[in-house]
Amino acid sequence: MRNFHILPTNKDIRPAIQAKIDNLNKPKGSLGMLEDLAMQISLIQHTLTPRLSHPCHLLLGGDHGIEREGVSVSPRDVTWQQMLNFANGGGGVNMFCRQHSFDLSIVDMGVDHDLSACPTIINRKIANGTNNFLHAPAMSEAHFWQCIETGAQLVDDCQEKGCNIICLGEMGIGNTSPSSIWMSLFGQIPLAECIGAGSGLNTEGISHKYNVLKAAVDHYHNNCPHTPLNAIRYFGGFEMVAAIGAMLRAAELHMVVLVDGFIMTACILAAAQLYPDVLDYAIFGHCSDENGHRRLLQLMDASPILSLGMRLGEGTGALCAYPIIKSSVRMMNEMNDFDHAHITKYF
């Protein structure tokens, strides 16, 4: 059992940060979200000269027992097939990591396939997929803590390389189902409003998915005391709980946590049930096209950087947002101010 020491960002430096932003040679507030991002990153790092170093992306894979109930249009074989595709450099996540110079780690947390022969996939397999949470908890308490610890250790490995900004993505057929349930339980939103098409369900498929998930939630309430930890353990995937551990450790280390779409946003919502101050460290890369993601963001008063109609997962939307984050830091360090530029303030 691991406890994290996560502090809210120290706000005593906020007036000095704001003064620096306002005195850059531009109209006050004219760089919009770039100024907000610069403020947040400067608070995270407690400095007037923030920097981004050795960005890392963790791609976590795992299968879900609930997939056996037909809640996804894609079969679970796609999980391991895509993991091998990532290992060979052919995925969307690979392209964006190359483009933006992210160090990519591909991690098997619980894929229902033997990937041990692939040397570029990090083997942290808990089991060949979670239990079917329609009938029983997705994982034991021991497996829950193993996932949390693994996620934390992966972040430690990144920090040792000099990383101070971590991005998270996932691969796991069926993982919109636990995400929808967490959204409902933690956001107190009717389950029907939290369920979408996932990777392409039609109307009939969405109705079936609702009926399965509703029965699973009823079974949970009848058999398990409702606490945030129990809800995370009962429904989560190995890759999702590892992502929570990674988010919490990154916040503990005062790293920037770059959050992707519906799945990873559900994970940071879950993480915030355990440690609310983790949200101080989260930058939300985009609003996906998955039904409910916008509302999920609103639960945390989060302002996503991009809205491109994406719903691929893997961390791709967050990676696409990185150049804007980078621009916000360059603004703080490279723009002149009015005094040094000998320009009269014009606001």
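**Close-up views of a predicted model**

Asparagine 94 is buried, with a relative accessible area of 6%, where buried means under 20% relative accessible area, exposed over 50% and partly exposed in between, for a 1.4 Å probe and protein chains only. This is a predicted model, in which local features need pLDDT of at least 70 and side-chain atom pairs count only at pLDDT 80 or more, while totals for chains, interfaces and linings use all residues. Residues are numbered from 1 along each chain as its sequence is written, and side-chain values use heavy atoms, with hydrogens and water left out.

**View A. Surroundings of asparagine 94 in helix H4.** Asparagine 94 lies within H4, residues 92-100, helices being DSSP runs (H or I, at least four residues) numbered from the N terminus. Leaving aside residues up to four places away in sequence, asparagine 94 touches Asn85, Phe86, Gly89 and Leu104, a contact being heavy atoms within 4.5 Å.

**View B. Cysteines 56, 158 and 163 without a disulfide.** The whole structure has zero disulfides, a disulfide being a pair of cysteine sulfur atoms within 2.5 Å. The sulfur of cysteine 56, a buried residue with a relative accessible area of 1%, has its closest cysteine sulfur in cysteine 158 at 3.8 Å, too far for a bond. For cysteine 163, buried at 3%, the closest cysteine sulfur is that of cysteine 56, at 3.9 Å and likewise too far for a bond.

**View C. Helix H6 and its cover.** Twelve of the twelve residues of H6 are buried, including Trp182 and Phe186, and helices H7 (203-223) and H9 (238-252) are among the elements that cover them. Glutamine 188, which follows H6, has a positive phi near 50°.

How values were computed
Helices (H or I, at least four residues) and strands (E, at least two) are DSSP runs, numbered from the N terminus.
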